[in-house]
Amino acid sequence: MECKFVPSVCSYCGTGCGVLFEVINGKIKKTLPMKSHPVNQGKLCIKGWNLHEHVNSFMRLKSPLVRENGRLQKATWNEAIQITAEKLKKISDTYGPDSIGVLVSAKMTNEENYLAQKFTRAVIGTNNVDHCARL
Amino acid sequence: MKSKIKLWLEDGTIDIFIGYKTVKGHPLPHCFTLSNLEEIDELIVGPFRYPLEGIATDIASEQPNAKIGILVRDCNTRALNVLYIWNQLDRNNIKTVTVNCCPSPLKQHGDCSYLEPEKAGNYKKQVGLDSNMDTASLEAFGQEELLGRWMYEFQKCIKCYGCRNICPVCFCKECSLEHPDLVEPGKLPPDVPIFHLVRAVHMAGRCIDCGLCEDACPMDIPLRLLYRKVNEIVLDVFDYDTGTNPDQSPFSVLGDEVTLEPKPLEVA
């Protein structure tokens, strides 16, 4: 029997509400609001209350998939990154860097988002970068 | 108290103890077990409240035979009584450690986050309902005005389901609040007052007046007051005092015998 409580920050939007995951036997059972957190003071919206659902979802992607002959196949990270890099380079060479756009996510850290925009601007060479939390 | 819990864990009276511990400056619920026995010294008691008995229910649903120790206040005790009655927890598997709660003539000092609820602002007092009111002073408004005031409170709802999710006595697998015929999915704001009344009806004979729902409500809807009113009816009509007794069955509020004659259902 293992039961622990893991404090975390909600990843759905930029507000940064404090959440508490109730983990029983290694599985997140429930998300609770952190009562002493200065941002949300024990309250959450419906997305925050259901934060554990995308962690436990059977649809969750656990390894990279590469489309081969019209079907998605499991691949290693090295293969997937290599294929992505080659294709991006090909598109950029053929149609110009502005033919590529990058959408980043609120479900990753600030630093990762920074890296993503740096990659878009400095490596690909376009300003087409946007974020789902920029509502 | 700490040595008693330690003893219980060591001699196998309980497998797990649910209490509070400070983690990164936040008082958070924590499970103490035999494998982290030294942590029991960090057990704290204070005004913070989480639905500990809800956590116990979750543990019991994973491992029905687990012997659970739990830190309780009066509201937790009432919640446990309701959970025993509804067969969500086995009372033989639960050990409680009672701590200070709401102040009374016998207990001058009390520890509860609800002792000083937020004061209602002027606008809320003018058009809505002050959460600190009692059910008797509600009646003073008169039916029509009271409905208007309740509607003002209900229409603020953002349908976060926080009141249901935090509730220690909400354990149903299928919830009426998710039934598409009663509450239209994806509609925001929800249909008022049906959303709140569906929950209020289900809280009759269930609500143990802990106030966690009101604590968790981002829109400051006086939910505790609403459920208190509903429970008052249950007490007046059926003499059923929710949570005070672990033996009163909710299925026999009308008495032990059925006095109505059984009739076949009329098919419309």
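In which loop of chain B is Pro193(B) found? Pro193(B) belongs to the loop between helix 7 and helix 8 of chain B, and the path towards that loop, in what is a predicted model, leads here through chain A, then the contact of the two chains, and then chain B itself.

Chain A is built from four helices and seven strands, and when its sequence is followed from start to end these elements come in the pattern β-β-β-α-α-β-β-α-β-α-β. Its radius of gyration is 19 Å, well over the 14 Å that the globule rule gives for 135 residues, so chain A is more spread out than a compact globule. The C-alpha trace of chain A spans about 55 × 30 × 20 Å along its principal axes, and 19% of its 135 residues count as buried. If one takes the contacts in chain A between residues at least 6 apart in sequence, 36% of them join residues at least 24 apart.

The opening strands of the chain A pattern deserve a closer look. In chain A, an open sheet of three strands has the order 1-2-3, and its pairing is antiparallel. Strand 1 and strand 3 of chain A stand at the edges of this sheet with a single partner strand each, and therefore one side of each is left without a neighbour in the sheet. On average, and with direction ignored, neighbouring strands of the sheet are turned by 30° against each other. Strands of a sheet pair through backbone hydrogen bonds, and they may do so in parallel or antiparallel fashion. Strand 2 and strand 3 of chain A, which run antiparallel, are joined by six bridges, and within this pairing Glu22(A) has Lys30(A) of strand 3 as its bridge partner. Helix 2 of chain B packs on this sheet, where it touches strand 1, strand 2 and strand 3 of chain A, and the direction of the helix makes about 30° with that of strand 2 of chain A.

Seen as a whole, the contact between the chains takes 22 residues from chain A and 27 residues from chain B. On the side of chain A that touches chain B, the elements giving two or more residues are strand 1 (3-9), strand 2 (18-24), strand 3 (27-33) and helix 1 (46-49) of chain A. By class, the residues of this side of chain A divide into 13 nonpolar, three polar and six charged.

Farther along chain A, Asn69(A) is found in the loop between strand 4 (65-68) and strand 5 (71-74) of that chain. Asn69(A) has a positive phi of about 50° although it is not a glycine, and it counts as exposed because it has 5 C-beta neighbours inside 10 Å. Chain B offers another such case in Lys24(B), a residue other than glycine whose phi has a positive value near 50°. Lys24(B) has its place in the loop between strand 1 (16-23) and strand 2 (26-33) of chain B, and with 6 C-beta neighbours inside 10 Å it counts as exposed.

Helix 2 (residues 52-62) of chain B, already met on the sheet of chain A, also packs with helix 3 of chain B, at an angle of about 35° and with the axes 9 Å apart. Helix 2 of chain B brings Leu52(B), Glu53(B) and Thr57(B) to this contact, while helix 3 of chain B brings Asn76(B), Ala79(B), Leu80(B) and Leu83(B); by class, four of the residues are nonpolar, two are polar and one is charged. Strand 4 (residues 68-72) and strand 5 (residues 94-98) of chain B run parallel and are joined by five bridges, with Lys95(B) of strand 5 as the bridge partner of Gly69(B). Between these two strands the chain crosses through helix 3 (residues 74-85) of chain B, in a β-α-β crossover that is right-handed.

The path now reaches the loop of the opening question. Pro189(B) lies between helix 7 (162-166) and helix 8 (194-203) of chain B, in the loop there, and a cis peptide bond with omega of about -5° joins Leu188(B) to Pro189(B). Pro193(B), found in the loop between helix 7 and helix 8 of chain B, is likewise joined to Val192(B) by a cis peptide bond, with omega of about 0°.

Last comes Arg228(B), which lies in helix 10 (residues 223-238) of chain B and is partly exposed, with 18 other C-beta atoms within 10 Å. Neighbours within four places in sequence left aside, Arg228(B) is in contact with Thr135(B) and Asp209(B).

Methods. Residues numbered from 1 in each chain as written. Chains lettered and ligands numbered in written order. Predicted model: local features only at pLDDT ≥ 70, side-chain atom pairs only at ≥ 80, totals over all residues. Rg over C-alpha atoms; globule rule 2.2 N^0.38 Å. Buried ≥ 20, exposed ≤ 12 C-beta atoms within 10 Å, placed from the backbone. Contact = placed C-beta atoms within 7 Å. Nonpolar A, V, L, I, M, F, W, Y, C, P; charged D, E, K, R; others polar. Pairing = 2+ DSSP bridges. Right-handed = clockwise from strand over helix to strand, strands pointing away. Axes fitted to C-alpha atoms, helices over the stretch in contact; angles between N-to-C directions.
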